[in-house]
Protein chains: 6
Amino acid sequence: MRLLVVNPNTTASMTRKIGEAARSAANARTEIVAVNPESGPSSIEGYYDEAFAIPGVIAEMRKAGEIDATIIACFDDTGLDAARSLSPAPVIGIGEAAFHIASLVAGKFSVVTTLSRSVPVIEQNLVRYGLTNRCARVRAANVPVLDLEIPNSPARGRISTEIDQAIREDRAEAIVLGCAGMADLAAELSREHGLPVVDGVVAAVKLAESLIALGLKTSKHGGYATPRPKSFSGAFATFSPTD
Amino acid sequence: MRLLVVNPNTTASMTRKIGEAARSAANARTEIVAVNPESGPSSIEGYYDEAFAIPGVIAEMRKAGEIDATIIACFDDTGLDAARSLSPAPVIGIGEAAFHIASLVAGKFSVVTTLSRSVPVIEQNLVRYGLTNRCARVRAANVPVLDLEIPNSPARGRISTEIDQAIREDRAEAIVLGCAGMADLAAELSREHGLPVVDGVVAAVKLAESLIALGLKTSKHGGYATPRPKSFSGAFATFSPTD
Amino acid sequence: MRLLVVNPNTTASMTRKIGEAARSAANARTEIVAVNPESGPSSIEGYYDEAFAIPGVIAEMRKAGEIDATIIACFDDTGLDAARSLSPAPVIGIGEAAFHIASLVAGKFSVVTTLSRSVPVIEQNLVRYGLTNRCARVRAANVPVLDLEIPNSPARGRISTEIDQAIREDRAEAIVLGCAGMADLAAELSREHGLPVVDGVVAAVKLAESLIALGLKTSKHGGYATPRPKSFSGAFATFSPTD
Amino acid sequence: MRLLVVNPNTTASMTRKIGEAARSAANARTEIVAVNPESGPSSIEGYYDEAFAIPGVIAEMRKAGEIDATIIACFDDTGLDAARSLSPAPVIGIGEAAFHIASLVAGKFSVVTTLSRSVPVIEQNLVRYGLTNRCARVRAANVPVLDLEIPNSPARGRISTEIDQAIREDRAEAIVLGCAGMADLAAELSREHGLPVVDGVVAAVKLAESLIALGLKTSKHGGYATPRPKSFSGAFATFSPTD
Amino acid sequence: MRLLVVNPNTTASMTRKIGEAARSAANARTEIVAVNPESGPSSIEGYYDEAFAIPGVIAEMRKAGEIDATIIACFDDTGLDAARSLSPAPVIGIGEAAFHIASLVAGKFSVVTTLSRSVPVIEQNLVRYGLTNRCARVRAANVPVLDLEIPNSPARGRISTEIDQAIREDRAEAIVLGCAGMADLAAELSREHGLPVVDGVVAAVKLAESLIALGLKTSKHGGYATPRPKSFSGAFATFSPTD
Amino acid sequence: MRLLVVNPNTTASMTRKIGEAARSAANARTEIVAVNPESGPSSIEGYYDEAFAIPGVIAEMRKAGEIDATIIACFDDTGLDAARSLSPAPVIGIGEAAFHIASLVAGKFSVVTTLSRSVPVIEQNLVRYGLTNRCARVRAANVPVLDLEIPNSPARGRISTEIDQAIREDRAEAIVLGCAGMADLAAELSREHGLPVVDGVVAAVKLAESLIALGLKTSKHGGYATPRPKSFSGAFATFSPTD
């Protein structure tokens with residue numbers, strides 16, 4: 001099976017890291033195709049960046065040809081609804097993947113994300129997914145996304161400190177890492193703190209493989225119905241839905 | 001004061017109708033600048049179309065120069081969060097405007113929108129805004145958006161039928177019209193059914209004027225913080241946030 | 001247009017201050033009629049005081065003659081439901097006005113009110129209005145209402161301290177001032193703390209003008225139906241609803 | 001022990017019926033003192049009537065002298081919060097009493113009240129009490145309150161029809177009768193429909209006796225703190241709280 | 001009337017203490033039959049212990065013969081749903097009893113239980129009962145259940161400390177003691193802290209007497225329908241439901 | 001890897017069918033060990049049956065020796081919490097598995113279960129899991145569990161009829177089959193109705209394999225902490241937790 005993993009930002013080193021994380025979790029027969037858009041922001045930190053990442057995510061999905069499922073590898077689940085409307089195959093966001101998986105191993109989890117401006121985005125996703133009451137708190141470690149790419153930055157230390165506080169103050173029973181760029185830290189932080197630490201990239205890979213194996217595809221009843229045929233003009237003309 | 005009203009789709013006739021509705025509600029000293037993007041979908045019917053409308057909304061805001069507030073004139077509040085992050089001035093979506101105004105004249109309202117694929121989008125917005133328990137039900141009249149532009153189409157009749165059912169079945173005390181293209185129907189439907197019928201375009205104009213008069217601007221604490229400076233590549237390079 | 005602003009307590013100096021705040025926000029053609037009941041409590045601090053303020057609010061509405069909208073200028077929205085049932089014109093409470101306006105400029109707000117006994121009252125209103133998840137926390141500054149009338153009292157300092165804590169501890173993106181007597185502090189506190197500070201009196205004036213301009217009146221379907229004709233006896237005989 | 005049962009409306013025949021219902025449920029040593037205000041509405045049907053019933057409820061409580069608990073015998077729990085602030089002894093509304101008791105014998109209950117204008121009042125109380133998700137639906141039988149006093153009126157038949165529908169449509173496991181004037185119907189309707197039918201008057205008597213036996217009184221921390229001493233003017237001067 | 005009080009654990013000293021507490025609260029004509037299972041855990045601290053206590057609770061109910069109501073005297077309301085399905089008479093858990101009674105004397109309460117592993121159990125019960133928003137916080141005093149049986153243990157001191165914090169940090173207006181073994185502490189802690197302290201054992205006795213007096217029994221519509229006749233095999237064969 | 005699939009009822013034919021469904025979904029290297037208790041009910045239809053199935057589920061887990069994950073194959077997730085406390089390996093209920101998987105392919109799903117007495121059980125699980133607002137409605141097809149074992153029974157037809165109604169009335173975008181005994185119907189019903197139909201048995205197998213692959217185990221912080229050592233007496237003595 002062929003899994004498209006779209007990093008919605010344009011930072012190739014992060015795409016590589018995400019691809020490696022995805023491959024490390026994938027079944028032997030799963031091919032991971034890790035890509036990122038040509039156009040758009042170099043990192044996604046809040047609503048504004050997100051808006052300019054979505055067309056690139058869709059473009060990569062349309063370029064990818066036949067795939068069995070798509071993973072959107074930004075913790076904000078950038079463009080998840082649009083992608084689900086487009087694709088006949090399943091689409092999974094790494095944020096929702098992490099929330100659902102964490103719900104299977106703990107009563108309550110806390111999220112540790114990068115910047116405080118991303119906290120409301122994640123809280124709103126939790127509300128929409130219906131999992132608000134499984135999440136004790138969304139915390140920001142005050143680490144810009146691309147700092148996670150810098151060797152020996154203080155980023156890891158700050159994340160670990162927030163995990164400590166989540167256990168003590170939030171009574172968190174598991175931790176969800178709130179950024180695709182934290183994928184390589186999960187196992188070590190889990191050992192260090194003695195509780196499940198869930199990374200969304202690998203969680204999404206296993207859920208995508210699961211949906212494919214179960215033969216389940218996105219429902220076309222309701223909000224994810226195939227886009228109605230219509231003209232798109234200007235820069236987006238090639239994205240027009242057709243019959 | 002100068003109010004930018006952005007119709008997020010590219011249909012100029014709809015922009016004109018929205019502009020007229022906005023002007024009809026505006027104060028004498030309020031200048032209404034009604035625009036639509038050059039690039040993007042001709043109507044917004046669901047998540048996919050919405051994704052390709054947002055960059056055009058932002059582009060129009062950046063072109064507009066000095067304005068006192070922005071109104072996003074699609075009932076899905078297309079790109080509202082991104083727009084709020086960008087702008088120092090207030091930004092109001094016509095969906096949220098209609099929900100807040102309806103909450104001041106009725107205990108519960110029902111929404112009548114165009115197509116069933118838009119129902120989940122609106123329901124999710126209500127959840128996010130926190131007003132779910134003021135909304136009795138979101139109903140679809142099964143009228144494509146652009147049919148509202150066709151004289152003598154059966155669209156108006158179908159909307160009126162849904163309003164009847166909302167009063168009887170949902171115990172709705174007010175009706176919110178769920179599409180910018182319905183702006184011209186509100187007064188007549190209100191007389192016909194004997195209860196408040198709220199159109200979002202005019203509601204947003206009055207709320208925008210109110211925020212301006214009160215000197216209130218979007219908070220830059222939290223989710224609507226100014227975008228962090230970073231490079232945007234490719235087609236979106238000109239949208240890069242800078243210091 | 002003619003706006004009746006009812007201060008539900010009997011303290012005339014507070015009525016004057018509220019009237020001035022209302023006039024400062026009103027359109028040139030809006031006449032503000034600021035009144036207070038002849039009978040009732042000198043301030044409203046909790047449920048007991050509130051119960052004895054409502055008949056006076058209704059009495060002032062009945063005395064006022066032809067008006068275009070009524071504002072109830074106590075943050076508890078004293079008697080709002082009864083007033084809405086009585087009046088054909090719109091009725092707005094300053095509490096709900098502030099909550100709705102704050103929701104347009106911030107993801108989450110905190111309320112700073114006077115005494116801790118008012119906190120449950122305000123929390124219950126938020127639940128009823130449906131805006132609970134937009135409010136991070138309701139805080140009490142431990143300032144009796146009438147202390148706000150005393151020049152150079154420590155009241156302002158205590159309110160400012162609570163705002164500081166709301167920003168730090170609650171991650172509040174905006175502040176709502178939880179008492180009509182704080183109307184004169186909003187602009188200064190907003191500058192001092194660098195985020196929107198919303199006062200309900202001026203918010204209600206703009207919302208009332210908006211509803212009037214939009215031709216929207218309170219729905220008479222459901223809970224706000226006109227009172228059924230019946231006899232009221234004793235001290236309240238003159239308040240009997242008639243056909 | 002001495003239980004004050006206040007019928008908040010001025011209809012003496014209803015007070016007698018309520019008093020009899022209360023006595024039928026009371027312990028042998030419980031004295032029931034059933035009273036109604038001298039001033040106020042003859043029935044309470046919606047928010048407006050309620051506002052003018054509360055001062056009379058408080059007046060009756062102050063006249064009553066030493067009592068062990070107060071029951072407010074209108075299903076809207078008229079003035080419950082004010083009464084709780086005033087009294088050192090427990091105060092129970094018949095609406096809340098019925099909801100709590102029904103929650104002990106059924107997963108979900110439906111309420112059958114008199115008029116549709118009372119539905120929002122009851123729904124708001126359920127939200128405040130936190131019991132919304134125990135209530136399947138609040139239904140109106142379209143029976144004015146005082147029709148319940150008329151022998152052989154069609155009122156009983158309409159209530160029975162609504163119970164049938166609640167069982168079939170709402171999957172209600174128990175029924176709560178939503179008006180003090182229905183107290184005499186509960187046992188018969190329970191036999192007829194084969195499920196628990198809860199009347200609030202008798203439920204409140206048993207809960208009041210329970211609180212007294214347990215030595216529990218209303219907390220004076222928070223919203224029910226004793227009213228602060230202050231002047232009340234005009235018609236309400238005698239109600240001023242004092243030290 | 002005859003009340004069966006089942007202590008779901010096998011510790012006879014605790015059964016005696018619970019029986020005494022129940023008798024202290026019961027009416028003169030109420031006979032308290034306090035029992036505990038022969039098989040099962042010596043204390044119930046979390047989900048695992050609970051699972052092995054339920055068959056013993058049911059066994060005691062079947063042995064008890066004719067009774068008028070059953071009380072389940074573990075704060076987790078161990079086996080409440082199964083017991084309700086079995087019995088024609090009312091069944092009350094001491095946890096739910098305490099929550100409902102506390103809701104009548106305070107806006108918000110905090111729970112003080114034994115161990116942190118019981119916190120999620122109690123939180124889930126509150127969610128199910130619908131009373132989540134009446135509970136400010138569930139706190140653990142870190143006291144094993146059977147330490148409450150040891151004279152002069154530090155258990156009481158730790159519980160008192162948590163109550164202090166609940167008042168200060170949670171703004172709790174009442175306290176619910178979250179373990180049947182704390183029944184003897186309520187009155188003293190109430191005096192010490194100056195607010196209502198509710199014990200579930202005595203609360204359940206009064207509620208059971210109330211339901212019996214009102215002639216109310218568990219609804220057999222819906223989830224508490226009588227078990228369908230079927231074979232149970234092995235160790236549980238004698239528990240088979242029959243026609 | 002070795003997956004223990006426990007059918008909590010004692011009907012061996014159902015265990016075989018569940019085992020086959022599990023194997024059909026499992027990876028090549030996954031060994032499915034399908035078992036059922038020796039003692040307990042022949043089917044689980046409501047709370048009473050459930051209580052007597054849990055000890056048998058735990059007994060099977062203790063007998064199973066080294067396993068990598070446990071699946072509890074009754075849609076009520078019988079004993080899930082106790083099982084999670086016991087086991088160092090992950091434990092998944094087929095109900096929660098189906099809810100999480102359905103949430104990845106649809107905005108809202110409806111559940112079609114066997115009998116109406118199971119509806120409240122499932123609704124409560126949804127509340128606990130936090131997924132209530134993803135579920136449009138829980139429906140009962142009025143089919144006893146063991147009828148699903150009878151060839152050519154009308155059971156399948158009734159389930160199909162409920163699915164039709166769920167699509168029309170509930171606006172369900174996917175269907176969850178609410179009984180382990182329906183596992184063989186999912187694919188065919190999905191083709192027939194043109195939307196995703198999710199069976200919990202196969203969903204749980206894929207989620208269990210996913211958790212194992214990700215190295216995630218149940219958190220031992222909070223509610224799922226290892227049972228404290230203590231004596232269990234009588235019939236359950238062998239289940240005593242030890243150090």
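Angles here run from 0 to 180 degrees between N-to-C directions, along lines fitted to C-alpha atoms. The model is predicted. The exercises below start with one sheet in chain E and end with one residue in chain C.

**Exercise 1. Describe how helix H4 of chain E lies against its strands.**

Solution.
- Step 1: find the helix. H4(E) spans residues 94–103.
- Step 2: find what lies beneath. The helix crosses E4 and E5 of chain E.
- Step 3: give the angle. H4(E) runs at about 75° to E5(E).

**Exercise 2. Work out the strand order of the sheet in chain E that holds E4 and E5.**

Solution.
- Step 1: read the order. The sheet is open, has 4 strands, and runs E2-E1-E4-E5 with parallel pairing.
- Step 2: name the edges. Strand E2 (31–35) and strand E5 (91–93) of chain E each pair on one side only.
- Step 3: add the twist. From one strand to the next it averages 20°.
- Step 4: inspect one pair. E4(E), residues 69–72, joins E5(E) in the parallel sense over 3 bridges. Within this pairing, Ile72(E) has Gly93(E) as its bridge partner.
- Step 5: look for a packed helix. H2(E), residues 47–63, touches strand E1 (2–6), E2 and E4 of chain E. Its direction makes about 160° with that of E1(E).

**Exercise 3. Lay out the sheet of chain A that contains E7 and E9, and explain why its edge strands have a free side.**

Solution.
- Step 1: set the order. This open sheet of 4 strands goes E7-E6-E8-E9 in chain A, paired in parallel.
- Step 2: explain the edges. Strand E7 (135–140) and strand E9 (197–199) of chain A have a single partner strand each, so one side of each lacks a neighbour in the sheet.
- Step 3: give the turn. Neighbouring strands are turned by 25° against each other on average, direction ignored.
- Step 4: check a pair. Strand E6 (109–113) and E7 of chain A run parallel, joined by 5 bridges. Ser110(A) has Arg137(A) as its bridge partner.
- Step 5: place the helix. H4(A), residues 94–105, packs on the sheet and touches E6, strand E8 (174–178) and E9 of chain A. The direction of H4(A) makes about 170° with that of E8(A).

**Exercise 4. Split chain A into domains and describe the contact between them.**

Solution.
- Step 1: take the bounds. Domain 1 covers 2–93 + 202–239, and domain 2 covers 95–199.
- Step 2: separate the centres. Their C-alpha centres lie 22 Å apart.
- Step 3: count the contact residues. Domain 1 of chain A gives 22 residues and domain 2 of chain A gives 25 residues.
- Step 4: name the elements on the domain 1 side. Helix H1 (12–25), strand E5 (91–93) and helix H8 (200–214) of chain A each supply at least two residues. H1(A) gives the most, with 5 residues.
- Step 5: sort that side by class. It has 12 nonpolar, 6 polar and 4 charged residues.

**Exercise 5. Describe how chain B meets chain A, and identify the symmetry that relates them.**

Solution.
- Step 1: count. 44 residues of chain B contact 44 residues of chain A.
- Step 2: list the elements on the chain B side. Strand E3 (40–41), helix H2 (47–63), helix H3 (80–86), helix H5 (119–129) and strand E10 (232–233) of chain B each give at least two residues. H2(B) gives the most, with 9 residues.
- Step 3: sort the chain B side. It divides into 20 nonpolar, 15 polar and 9 charged residues.
- Step 4: look for pairing across the chains. Strand E3 (40–41) of chain A and E10(B) pair in the antiparallel sense over 2 bridges. Gly40(A) has Ser233(B) as its bridge partner.
- Step 5: superpose. A turn of 180° and a shift of 0.0 Å along the axis lay chain B on chain A with an RMSD of 0.0 Å. This is the relation of a two-fold axis.
- Step 6: compare the surfaces. Both copies use the same surface, as 100% of the contact residues of chain B recur in chain A.

**Exercise 6. Decide whether Phe99(C) is buried or exposed, and find its contacts.**

Solution.
- Step 1: place the residue. Phe99(C) lies in helix H4 (94–103) of chain C.
- Step 2: apply the cut-off. A residue is buried if 20 or more other C-beta atoms lie within 10 Å of its own. Phe99(C) has 29 C-beta neighbours inside 10 Å, so Phe99(C) counts as buried.
- Step 3: list the contacts. Leaving aside neighbours within four places in sequence, Phe99(C) contacts Leu126(C), Tyr129(C), Leu131(C) and Val176(C).
- Step 4: add a distance. The C-alpha atoms of Phe99(C) and Ala51(C) are separated by 23 Å. The two residues are 48 residues apart along the chain.

How values were computed:
Residues are numbered from 1 along each chain as its sequence is written. Chains are lettered from A and ligands numbered from 1 in the order in which they are written. This is a predicted model: local features need pLDDT of at least 70, side-chain atom pairs count only at pLDDT 80 or more; totals for chains, interfaces and linings use all residues. Two strands pair if DSSP finds at least two bridges between them. Two residues are in contact if their C-beta atoms, placed from the backbone, lie within 7 Å. Ala, Val, Leu, Ile, Met, Phe, Trp, Tyr, Cys and Pro count as nonpolar, Asp, Glu, Lys and Arg as charged, and the others, Gly among them, as polar. Copies are superposed by least squares on the C-alpha atoms of residues with pLDDT of at least 70 in both. Domain bounds come from an automatic or database domain assignment. A residue is buried if 20 or more other C-beta atoms lie within 10 Å of its own, exposed if 12 or fewer, and partly exposed in between; C-beta atoms are placed from the backbone.
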